[in-house]
Amino acid sequence: MQTFRFDPCRLPPEAEALRGEVRAFLSEALTDIPPVVRAQTWSGYDPEFSKKLGAKGWIGMTWPKKYGGHERSALERYVMLEEMLAAGAPVGAHWIGDRQSGQLLLRFGTEEQRQMILPKAAKGELLFCIGMSEPDSGSDLAATRTKAEKTDGGWIVNGTKLWTSNAHNAHYMIALFRTNFDPDNKHAGLTQFLVDLTIPGITIRPIKDLTGNAHFNEVIFEDVFVPDNMMVGEEGNGWMQVTAELAFERSGPERYLSSFLLLTELVRELGRTGDASADAEIGRLVAHLVTLRQMSVSIAGLLEAGENPIQEASVVKDLGALYEQELPVKAHELAGVEPMLGTGSDYAQVLGFLTQASVSFSLRGGTREILRGIIARGLGLR
Ligand SMILES: Cc1cc2nc3c(=O)[nH]c(=O)nc-3n(C[C@H](O)[C@H](O)[C@H](O)COP(=O)(O)OP(=O)(O)OC[C@H]3O[C@@H](n4cnc5c(N)ncnc54)[C@H](O)[C@@H]3O)c2cc1C
């Protein structure tokens, strides 16, 4: 049985020093953005804001300087991220590239790919999306059917990716395609590609979610030619690469701070009513949040040490989603304000948005059942 590693990890002084700098920047940069927009935070799309962060050196912070990065630690990056999310900064445009696609290229990409992509991504000028899920392949990612067939100088791709966040705004997709089919081993024969979304044969269709936003898409590939030099890593190594990428996707502060704005708005709202009986409940919610943060910081320490904490990341994502889905329910009970969409007080609108959006928090990035399956495997139960 594996031991879950949640050793205490202390943020170094340089990370705490950065916190003040980030807070000062955000207190000016976000003044005109209303709370209901800030509630979207890492799903909020604002490419100009991303460019401002790129200019500050806050995208690709840990990447080597020769690729436009800043060679700072994962823990400094962590502090920058938690400040962004706590303030509700619209960081969605560059989020995927900063969190996982850049890391993936650093680890598995070619020198040519790194030089072509990373400096622009670090400036916030080149945006990514993730092409994993398909109509019949979400939880069962290894059932990927979108096929890349070898041809002269490259690959011909046919198939459909689904739920692709920001595909309509992104420049590149890191896509998982099937390059070989082995009926006895579906995890073999998968390969990752860097796909320029402007090449002919790609159709991107928006899909509206419960909140009325169309932030994700269906992406259809019809005889799309992807050149050889856009393969990421080795042919057939896609499963290993994708699972390594998921540790970055599942462990960060976005997994427990997506609803944070509601907590601060709730405290403001209750402060107006002076309802002392709510104090204990707020205290419990804050204690829970602090514990999640300790666990997530601990994983940042493991990532900094070059580990691949996929099990620990699954624990944080599952507990984080439970917390984030509980917050709107508790906020509704405590403040007695009805959730509203498009009208009402700031508080009612933040509550309205998160009541609807939080349903998806236990789906995106891996469902609750899938995460618990991974945790059970770590415990030696399956
Ligand atoms: C807001 C949002 C953004 C997203 N963005 C992206 C993106 O950018 N790129 C991308 O590739 N994907 C994205 N996704 C897709 C997401 O990863 C999938 O929705 C998710 O993995 C579930 O897959 P599915 O929708 O096919 O559901 P299914 O896999 O069909 O699951 C349906 C239900 O069955 C349960 N289930 C499935 N298998 C098992 C099992 N073996 N044991 C027990 N229960 C099981 C699931 O837990 C779930 O409750 C996004 C999803 C959302 C909601």
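Q: Which helices each supply at least two residues of the lining of the second largest pocket?
A: A lining can be read by helix. In this predicted model, the helices that each give at least two lining residues to the second largest pocket are α4 (74–87), α5 (92–108), α7 (238–251) and α10 (279–304).

Q: How many residues line the second largest pocket, and which lie nearest its centre?
A: The lining has 27 residues. Nearest the centre of the pocket are A74, Q103, F248, L303 and E304. The volume of this pocket is about 500 Å³.

Q: What is the lining of the second largest pocket by class?
A: Eleven of its residues are nonpolar, nine are polar and seven are charged.

Q: Where does the second largest pocket lie with respect to the domains?
A: The domains that contribute to a lining are the place to look. Domain 1 (13–127) and domain 3 (240–378) both contribute residues here, so the second largest pocket lies between them.

Q: Which residues come nearest the ligand?
A: The ligand has 17 residues around it, and S133, S139, W163, T367 and E369 come nearest. By class, this shell has six nonpolar, nine polar and two charged residues.

Q: Which atoms of S133, W163 and T367 lie 2.7 Å, 2.9 Å and 2.6 Å from atoms of the ligand?
A: For S133, a backbone N or O atom is 2.7 Å from a ligand oxygen atom. For W163, a polar backbone atom is 2.9 Å from a ligand nitrogen atom. For T367, a polar side-chain atom is 2.6 Å from a ligand oxygen atom. The ligand taken alone exposes 970 Å², of which the protein buries 63%.

Q: Where does the ligand lie with respect to the domains?
A: The ligand lies between domain 2 (130–236) and domain 3 (240–378), because both give residues to its shell.

Conventions
Residues numbered from 1 in each chain as written. Predicted model: local features only at pLDDT ≥ 70, side-chain atom pairs only at ≥ 80, totals over all residues. Heavy atoms only, no water. 1 Å grid on protein atoms, 1.4 Å probe; cavity = no way out; pocket = protein on both sides within 12 Å on 5 of 7 lines; lining within 4 Å. Points joined across faces, edges and corners; volume = space filled by probe spheres on them. Helix = DSSP H or I, 4+ residues; strand = E, 2+ residues; numbered from the N terminus. Nonpolar A, V, L, I, M, F, W, Y, C, P; charged D, E, K, R; others polar. Domains from an automatic or database assignment. Near = heavy atom within 4 Å. Polar contact = N/O pair within 3.5 Å; in protein donor to acceptor, adjacent residues only side chain to side chain. Areas by Shrake-Rupley, 256 points an atom, 1.4 Å probe, with all protein chains shown as cover.
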